[in-house]
Amino acid sequence: MFAAGSVQAAPDDALFTAILTEHVDNGAVDYPALASDERLDSYLAQLADTDPSTLASHDARLAFWINAYNAYTLKLVTSVPAAKSIREITGLGTKGDADTAKPWDQPIANIGGQNYTLNQVENEIIRPQFGDARIHFALVCAAYSCPQLRSEAYTADTL
């Protein structure tokens, strides 16, 4: 899956924290400003280059997957500025009917060189592998019914 030397140890949580600090205020995301922030793509590239199985601890892997879910949700929403709801988004940069769009079933998350849907990240990785009820407060699906997004990345030390 990875060429020798291409896997990085871990994504830069400080970079994701800087992005969140600048664009999230009391859980409210400034999506227009975030859409033009190239640092989000840099962070996503780090996720794509990280093999989460190599992270140092259980908590480091859980924080990684939570941050990945939240970062790719942000990317999905910012990719369709005309969308009034995440439920209208059919994929990166595409909008459709809110009744059929299924944004959480689009393979948009490249993690460790493999593509995932947000539903796969949540329901096939985070829930079964970590079994931690706190994820209900950490995974942010960009809907009003979801928890508010924190202004900082999760880390093993701050879970």
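This is a short tour of a predicted model, from one helix to a strand residue, a pocket and a disulfide.

**Stop 1: helix α5**

Select residues 118–130, which make up helix α5. Colour Leu 118, Val 121, Glu 122, Ile 125, Ile 126 and Phe 130, for these residues are buried. Why do they sit on the same side of α5? They cover an arc of only 130° around the axis, so they share one side of the helix. A general rule helps here. An α-helix has 3.6 residues a turn, so residues three or four places apart point the same way.

Now turn to the other side of α5. Select Glu 124 and Pro 128; both are exposed there.

What do the buried residues of α5 pack against? Show α4 (58–78), β5 (109–111) and β6 (114–116), and you have the packing partners.

Before you leave, click Gly 131, just after α5. Its phi is positive, at about 50°.

**Stop 2: Asn 110**

Move to strand β5 and select Asn 110, which lies in that strand. Is Asn 110 buried or partly exposed? Its relative accessible area is 24%, and buried would mean under 20%, so Asn 110 counts as partly exposed.

Next, show the C-alpha atoms of Asn 110 and Ala 48. Along the chain these two are 62 residues apart. In space, their C-alpha atoms are separated by 5.1 Å.

Add the contacts of Asn 110. Leaving aside residues up to four places away in sequence, Asn 110 touches Leu 44, Leu 47, Ala 48, Tyr 72 and Asn 115.

**Stop 3: the largest pocket**

Turn on a surface and look for the largest pocket, with a volume of about 650 Å³. It is lined by 28 residues. To find its centre, select Val 29, Tyr 31, Ala 142, Ala 143 and Tyr 144, the lining residues closest to it.

Which elements give two or more residues to this lining? They are β2 (28–29), α2 (31–35) and α4. Helix α4 gives the largest share, 5 residues.

Try colouring the lining by residue type. You should get 20 nonpolar, 6 polar and 2 charged residues.

**Stop 4: the disulfide**

Finish with Cys 141 and Cys 146. They form a disulfide, with sulfur atoms 1.7 Å apart. A disulfide is a covalent bond between the sulfur atoms of two cysteines. The count for this model is 1 disulfide.

Look along the S-S bond between Cys 141 and Cys 146. The angle about the bond is 75°, and the link is right-handed. Are these cysteines buried or exposed? Both Cys 141 and Cys 146 are buried.

Terms used
Residues are numbered from 1 along each chain as its sequence is written. This is a predicted model: local features need pLDDT of at least 70, side-chain atom pairs count only at pLDDT 80 or more; totals for chains, interfaces and linings use all residues. Side-chain values use heavy atoms; hydrogens and water are left out. A disulfide is a pair of cysteine sulfur atoms within 2.5 Å. Buried means under 20% relative accessible area, exposed over 50%, partly exposed in between (1.4 Å probe, protein chains only). Helices (H or I, at least four residues) and strands (E, at least two) are DSSP runs, numbered from the N terminus. The arc is that of the directions from the helix axis to the C-beta atoms. Contact means heavy atoms within 4.5 Å. On a 1 Å grid over the protein atoms alone, a cavity is a set of points where a 1.4 Å probe fits but cannot get out, and a pocket is an open set with protein on both sides within 12 Å along at least five of seven lines; lining residues have an atom within 4 Å of a point. Grid points are joined across faces, edges and corners, and a volume is the space filled by probe spheres set on the points. Ala, Val, Leu, Ile, Met, Phe, Trp, Tyr, Cys and Pro count as nonpolar, Asp, Glu, Lys and Arg as charged, and the others, Gly among them, as polar.
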